[in-house]
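Hi,

Here is the structure I promised to pass on. Have a look at it first, and my notes follow below.

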Amino acid sequence: MSIDRLVMAFAGIVILASVALTQFHHVNWMWLTVFVGANLFQAAFTKFCPLAIFLKKFGAKPGQAFS
């Protein structure tokens with residue numbers, strides 16, 4: 001799996017988990033969803049993603065977006 005797909009999968013898992021935590025624990029978990037969404041938005045324009053850098057160092061196959 002490429003870095004691009006891993007980043008999208010990880011972001012999706014974190015968003016779903018934070019929404020569930022908002023419903024079952026505390027409403028402030030929504031800030032995690034806001035952070036992930038903002039990071040995805042800025043990565044679309046700057047091509048800077050901390051998770052992509054981390055995955056690249058651990059040998060994940062490069063994709064098109066974060067190469």
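A quick definition before the packing comes up: I call two residues in contact when they have heavy atoms within 4.5 Å of each other. Please also keep in mind that this is a predicted model.

**The overall picture**

The chain has 3 helices and 0 strands, so along the sequence you simply read α-α-α. Its C-alpha atoms fill a box of roughly 35 × 20 × 15 Å along the principal axes. Of the 67 residues, 25% are buried. If you take contacts between residues at least 6 apart in sequence, 56% of them join residues at least 24 apart.

**α1**

This helix has 22 residues and runs 31 Å from its first C-alpha to its last, close to the 32 Å expected at 1.5 Å a residue. Its buried residues are Ile3, Asp4, Val7, Ala11, Val14, Ser18 and Thr22. Looking down the axis of α1, you'll find these buried residues within an arc of 100°, so they line one face of the helix. The general rule behind that kind of pattern is that an α-helix has 3.6 residues a turn, so residues three or four places apart point the same way.

What does that buried side of α1 pack against? The buried residues of α1 pack against α2 and α3. On the face turned away from the buried side, α1 carries the exposed residues Arg5, Ile13, Leu16, Gln23 and Phe24.

Just ahead of this helix, in the segment before α1, sits serine 2. Serine 2 has a relative accessible area of 12%, so it counts as buried. Apart from its neighbours within four places in sequence, serine 2 is in contact with Lys61, Pro62 and Gly63.

**α2**

The 17 residues of α2 should span 24 Å at 1.5 Å a residue, and the end C-alpha atoms are indeed 24 Å apart. Buried here are Thr33, Val36 and Ala43. Down the axis of α2, the buried residues fall within an arc of 95°, so here too they line one face of the helix. They pack against α1. The other side of α2 has Trp31, Phe35, Phe41 and Phe45 exposed.

**Lysine 47**

After α2 comes lysine 47, placed in the loop between α2 and α3. Lysine 47 has a positive phi of about 60° although it is not a glycine. For background, most residues other than glycine have a negative phi. Is lysine 47 buried or exposed? With a relative accessibility of 59%, lysine 47 counts as exposed, because the cut-off for exposed is over 50%.

**The largest pocket**

The largest pocket has a volume of about 170 Å³. Its lining is made up of Val7, Phe10, Ala11, Val14, Phe35, Val36, Asn39, Leu40, Cys49, Pro50 and Leu51. The elements that give two or more residues to this lining are α1 (3–24), α2 (30–46) and α3 (50–57). By class, the lining has 10 nonpolar residues, 1 polar and no charged ones.

Some names turn up twice in these notes. Val7, Ala11 and Val14 are among the buried residues of α1, and they also help line the largest pocket. Val36 is buried in α2 and is likewise one of the lining residues. Phe35, another lining residue, is exposed on the other side of α2.

Over to you!

Definitions and conventions:
Residues are numbered from 1 along each chain as its sequence is written. This is a predicted model: local features need pLDDT of at least 70, side-chain atom pairs count only at pLDDT 80 or more; totals for chains, interfaces and linings use all residues. Side-chain values use heavy atoms; hydrogens and water are left out. On a 1 Å grid over the protein atoms alone, a cavity is a set of points where a 1.4 Å probe fits but cannot get out, and a pocket is an open set with protein on both sides within 12 Å along at least five of seven lines; lining residues have an atom within 4 Å of a point. Grid points are joined across faces, edges and corners, and a volume is the space filled by probe spheres set on the points. Helices (H or I, at least four residues) and strands (E, at least two) are DSSP runs, numbered from the N terminus. Ala, Val, Leu, Ile, Met, Phe, Trp, Tyr, Cys and Pro count as nonpolar, Asp, Glu, Lys and Arg as charged, and the others, Gly among them, as polar. Buried means under 20% relative accessible area, exposed over 50%, partly exposed in between (1.4 Å probe, protein chains only). The expected span of a helix is 1.5 Å times one less than its number of residues. The arc is that of the directions from the helix axis to the C-beta atoms.
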